[in-house]
Amino acid sequence: MKLERILPFARTLLQRAVQPGDYAVDATMGNGHDTCFLADLVRDHGKVFAFDIQQQALENTNLRLEEQKLASRASLFHASHDELLNCLPLEAHGKVTGAVFNLGYLPGGDKEIVTKPNSTISAIKQLLEVMAPEGIIVLVIYHGHAEGQIERDEVIEFVTGLDQKHAHVLRYEFINQTNNPPFIIAVEKR
Ligand SMILES: C[S@@+](CC[C@H](N)C(=O)[O-])C[C@H]1O[C@@H](n2cnc3c(N)ncnc32)[C@H](O)[C@@H]1O
């Protein structure tokens, strides 16, 4: 058998957590691949809330959603993910079953605009407030760039400190590969 690779494993986790009619969050919409993936999972009665600080990301994501006829299933916010509690409608509180972060910079975009530890950690805390029990937060950690290494360390310190009564935290990583390949942190709200 082949061990499941990092990006497919992220999707497997989300696929198992998010059911038709659910609410889901794409915390770093970028070019919209994950927003579309989640929009497909929630079907017509669910909703995906997606965040990015770059207008370009919203445009790219909107285009992708339109092409796939999924636009009605997503709300796009031109806002930092640490604005999550202000942006999500009250009806979604307590009902988010899956969330994903792809940390780092927008592929094909400005490599100076990267996710930052403080806002990433704040968004994880806010998500833990609005997730349903057994909801899953999937973080794909890219640590090939200098700021990514700082973010990796701070995020790991934060999630390692989460009380196991409130969350299970998993790390999924190939540990013998060169060039700092991405790895996964998954947080299950208990
Ligand atoms: C690796 S890309 C995401 C790729 C995306 N999943 C896709 O399917 O294309 C990271 C994205 O996070 C965005 N970002 C950086 N800081 C952010 C923040 N505080 N809140 C929301 N998005 C942020 C960047 O603008 C960038 O588009």
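**View 1. The shell of residues around the ligand.** A residue is counted as near the ligand if one of its heavy atoms lies within 4 Å of it; 24 residues surround the ligand in this way, and the closest are N31, D52, Q54, S80 and H81. The model is a predicted one, in which local features need pLDDT of at least 70, side-chain atom pairs count only at pLDDT 80 or more, and totals for chains, interfaces and linings use all residues. Residues are numbered from 1 along each chain as its sequence is written, and side-chain values use heavy atoms, with hydrogens and water left out. The shell divides into 10 nonpolar, 12 polar and two charged residues, where Ala, Val, Leu, Ile, Met, Phe, Trp, Tyr, Cys and Pro count as nonpolar, Asp, Glu, Lys and Arg as charged, and the others, Gly among them, as polar.

**View 2. Polar contacts of the ligand (pairs of N or O atoms within 3.5 Å).** An oxygen atom of the ligand lies 2.8 Å from a backbone N or O atom of N31, and a polar side-chain atom of Q54 lies 2.8 Å from an oxygen atom of the ligand. In the side chain of S80, an N or O atom is 3.0 Å from a nitrogen atom of the ligand.

**View 3. Secondary structure at the ligand.** Both α2 (33–42) and β2 (47–52) supply at least two residues each to the shell around the ligand, with helices (H or I, at least four residues) and strands (E, at least two) taken as DSSP runs numbered from the N terminus.

Notes:
Polar contact = N/O pair within 3.5 Å; in protein donor to acceptor, adjacent residues only side chain to side chain.
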